[in-house]
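Me: I am new to this structure and would like a close look at a single part of it. Please pick one part and walk me around it, step by step.

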Amino acid sequence: MGQLIQSPEIKSTMTKIRAMQTEQLNAEMDFSLHFTGWQGTEELKAVAESLQEAIRVKLIVKFDYYDANGTHTSRKIEPYHLMYKGERWYLQGYSYEREDFRTFRLARMLNLKITNETFNVRDYIVKDIIPKEKLPQFYPVRLKANMRVRDIIIERFGTSVITLCDETTYYVDLQLPNVENAYRFILQLGANAEIIDSGLFEKDFHKYLAKILNIYGPNL
């Protein structure tokens, strides 16, 4: 947790936890949390720490925000709660523009400004579940993949989706949304997997590839 965010409260809590540990627990519980040292991770950690301080002293914050569709809005909010979930940072607060509580993803914020304006705390209950965007329709997708990417498949979907083909390849039967994030996942597998049965998903995936080739094609 010390790698995730620094604050006096967290440091105090971690000190208490360490004091409660026994030699037996240390012997039986051998685990660690590791967060990558990517520049983006460090930058978001710094933003999270700034927002944590704004929450502590009850300061209004302003920022530009781009939603999942790339739509821009300018926001002025009362910050109430920081959340780290699914390796992503979120801020929950009261939006003056929407006159209601909203959840914001830190990576979609720009030009963050901690103002000198204070606010009176409103009644608020922390929402543990991040609001999901409208779910797209899912389609059956069958891949033929090799053992190089077996770990990627298992970590995300488990072993039940895998059917052995031979010693070096296997079939992967998935249910995927027909959206860009799913196409990116397929591309992550590189030349180690091939779509062999999909229908509409595969047709739209080919259109997505055509757009990419249209950008880089002349230089290939």
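Reply: Let me start with a term we will need: a residue is buried under 20% relative accessible area, exposed over 50%, and partly exposed in between (1.4 Å probe, protein chains only). The model is predicted, so local features need pLDDT of at least 70 and side-chain atom pairs pLDDT 80 or more, while totals for chains, interfaces and linings use all residues. Residues are numbered from 1 along each chain as its sequence is written, and side-chain values use heavy atoms, with hydrogens and water left out.

First, the setting. Six helices and nine strands make up the secondary structure of the chain; these are DSSP runs numbered from the N terminus (helices H or I, at least four residues; strands E, at least two). The chain has 220 residues, and 30% of them are buried.

The part I suggest is strand β2, which covers residues 72–85. What does β2 pair with? Strands pair if DSSP finds at least two bridges between them. On one hand, β2 is joined to strand β1 (residues 59–66) by six bridges, and the two run antiparallel. Tyr66 of β1 faces His72 of β2 across this pairing. The two strands form a hairpin with five residues between them, and in its turn Gly70 has a positive phi of about 85°.

On the other hand, β2 pairs with strand β3 (residues 88–95), again in the antiparallel sense, over eight bridges. Here Ile77 stands opposite Ser95, and Lys85 has Arg88 as its bridge partner. This hairpin has two residues between its strands, and Gly86 takes a positive phi near 60°.

How enclosed is β3? Seven of its eight residues are buried, so the rest of the structure largely encloses this strand. β3 also pairs with strand β4 (residues 100–105), antiparallel and over six bridges; in that pairing Leu91 has Phe104 as its bridge partner. Four residues lie between β3 and β4 in their hairpin, where Glu99 has a positive phi near 55°.

Now look at two charged residues in β2, beginning with Glu78, which lies in this strand. Is Glu78 buried or exposed? Its relative accessibility is 2%, so Glu78 counts as buried. Side chains of opposite charge can pair when their charged atoms come close. A salt bridge puts a side-chain nitrogen of Lys or Arg within 4 Å of a carboxyl oxygen of Asp or Glu, and by this rule there are seven. One of them joins Glu78 to Arg122, with N to O at 2.8 Å. Glu78 sits in β2 while Arg122 belongs to the loop between β5 (109–118) and β6, so the pair ties together parts that are 44 residues apart in sequence. Unlike its buried partner, Arg122 counts as partly exposed because its relative accessibility is 32%.

Glu78 also has a polar contact of 2.6 Å with the side chain of Tyr96; such a contact is a pair of N or O atoms within 3.5 Å (within protein, one must be able to donate a hydrogen and the other to accept it, and residues adjacent in sequence count only if both atoms are side-chain atoms). Contact in general means heavy atoms within 4.5 Å. Setting aside residues up to four places away in sequence, Glu78 touches Ile60, Gly93, Tyr94, Tyr96, Phe119, Asn120 and Arg122.

The second residue is Arg75, also placed in β2. Which side chain of opposite charge is nearest to Arg75? That is Glu97, 4.8 Å away; Arg75 is buried yet has no salt bridge. In this count Lys and Arg are positive, Asp and Glu negative, while His and the chain ends are left out. The side chain of Arg75 does make a polar contact of 3.1 Å with that of Thr73. Beyond its neighbours within four places in sequence, Arg75 is in contact with residues including Val61, Phe63, Tyr65, Ser95, Glu97 and Arg102.

That last neighbour leads to another pair: Arg102 forms a salt bridge with Asp100, the closest N and O atoms being 3.4 Å apart. Asp100 counts as partly exposed at 36% relative accessibility, and Arg102 is partly exposed too, with a relative accessible area of 33%.

To retrace the walk on the model, follow β2 between β1 and β3, then find Glu78 with its partner Arg122, and finish at Arg75 beside Thr73.
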